[in-house]
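Subject: Handing over the structure

Hi,

I am passing this one on to you, and I hope you enjoy looking through it. Please have a look at it first, and then read on for what was found.

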Amino acid sequence: NAEYGEKQYLKSLESISKKRNKIGKQVRNLKNQQIQVEVLEKEYWHVHSIHSVDLRKTVEEERSLLRKKKLAENTLKIRRRTYLLNDAFHIWHDGHFATINSFRVGRLQSQPVDWNEINASWGLTALLVQNIADKLGIKFKEFTIIPHGNQSKILNNKDNNTYELFGERDLSIVKFFWVWRFDSGMTAFLKCVKEICDYAEEKDKTFKVPYRINNDKIDEIPIKLQFSSEGTWTKAMKCLLTNIKWVINWLVQNNDFVNK
């Protein structure tokens, strides 16, 4: 019985030892698997981190490209509008005369331009200057330009008086009165152009219009017809349109200042 009991005991020990070895092997396998999982997990998070950075970069690049695309589209749209402005109001010269869309503005004894042509040029000039002001978001301080073809006017905002920006063919009866009103209108208009020139020069310190404007004079030449010769007035008008032409060219190159 003692011998049988000893054999059973040894068998139990052997069985326990086998189970322990089996469990130990399983534990070692689990530890190896855990190590492999940890390695894979580290690799996963490393790759995930790289992909996350790449994804953020891609998203940021995509957003940046979209912003640039939108900016380019807006710039192109503004440039097209500005170029259209330049094309719609073509300022040039014809000898002593400034021209806008081939209409001369000014008069000489040797070349008495008809008032219909002068009035047409004034109507185009009024419309052009108002368009430039709108594009720059400028509201004139003292006056409101009223473009109306060859019968354009300008309004004094303080007293609501309007002055003509056009002439009459028959000046025999009311010449003095008409010239005074026309001179007042042109002087007011010159002040509006000065506001635009000042705005451009303030925004861009490298930009200067060629002719200085001071009250009713441009390049020290009076814009008024009364007490002045037609030749002097014609020269003043040429300086005026030249300044406007320079502002348009500045607009083409500086679209950031254009009212969106």
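Here is a small thing to start with: which residue of strand 8 stands opposite Asn 214? The answer is Lys 217. More on that sheet follows below.

First, how to read the values. This is a predicted model, in which local features need pLDDT of at least 70 and side-chain atom pairs count only at pLDDT 80 or more, while totals for chains, interfaces and linings use all residues. Residues are numbered from 1 along each chain as its sequence is written, and side-chain values use heavy atoms, with hydrogens and water left out.

**Overall layout**

The protein chain has four helices and nine strands. Both kinds of element are DSSP runs numbered from the N terminus: helices are H or I with at least four residues, strands are E with at least two. Read from the N terminus, the order is α-β-β-β-α-β-β-β-α-β-β-β-α. Of the 260 residues, 36% count as buried (under 20% relative accessible area; exposed is over 50%, partly exposed in between, with a 1.4 Å probe and protein chains only). Among contacts (heavy atoms within 4.5 Å) with a separation of 6 or more, 56% are between residues 24 or more positions apart.

**Strands**

Back to the sheet from the opening question. Strands 7, 8 and 9 form an open sheet in the order 7-8-9, with antiparallel pairing (two strands pair if DSSP finds at least two bridges between them). Strand 7 (213–214) and strand 9 (221–222) are at the edges with a single partner strand each, so one side of each has no neighbour in the sheet. Two bridges link strand 7 to strand 8 (residues 217–218).

Strand 4 (residues 143–146) runs antiparallel to strand 5 (residues 153–156), and four bridges join them. Thr 144 stands opposite Leu 155 of strand 5. The two strands form a hairpin with six residues between them, and Gly 149 in the turn has a positive phi of about 60°. In a regular strand the side chains alternate between the two faces of the sheet. In strand 4, Phe 143 and Ile 145 make up the covered face, and Thr 144 and Ile 146 the uncovered one.

**Helix 2**

Does the length of helix 2 agree or disagree with what its residue count suggests? Its 22 residues (115–136) should span 32 Å at 1.5 Å a residue, and the end C-alpha atoms are 31 Å apart, which agrees. The expected span is 1.5 Å times one less than the number of residues. As 18 of those 22 residues are buried, helix 2 is largely enclosed by the rest of the structure.

At the N-terminal end, Asp 114 acts as a cap: one of its side-chain oxygens lies 2.8 Å from the backbone nitrogen of Asn 116. That is a polar contact (N or O atoms within 3.5 Å; within protein, one must be able to donate a hydrogen and the other to accept it, and residues adjacent in sequence count only if both atoms are side-chain atoms). Just after helix 2, Gly 137 has a positive phi of about 70°.

**Aromatic residues**

There are 10 aromatic pairs in the structure (rings of Phe, Tyr and Trp, the last by its six-membered ring, with centres within 6.5 Å; planes under 30 degrees apart are stacked, over 60 edge-to-face and the rest tilted). Trp 115 and Trp 233 make a tilted pair, since their ring centres are 6.0 Å apart and their planes at 35°. Trp 115 belongs to helix 2 and Trp 233 to helix 4 (residues 230–253), so the pair ties together parts 118 residues apart in sequence. Both Trp 115 and Trp 233 are buried.

Trp 178 and Phe 182 are stacked, at 5.1 Å centre to centre and 25° between the planes. They are four residues apart in helix 3 (residues 175–203), and so separated by about one helical turn. Trp 115, Trp 122, Trp 178, Phe 182, Phe 189 and Trp 233 form one aromatic cluster.

**Two buried residues**

Phe 166, in the loop between strand 6 (162–164) and helix 3, is buried at 8% relative accessible area. Beyond its neighbours within four places in sequence, its contacts include Asn 119, Trp 178 and Phe 182.

Arg 181 lies in helix 3 and counts as buried at 17% relative accessibility. A polar atom of its side chain is 2.4 Å from the backbone oxygen of Thr 162.

Best wishes
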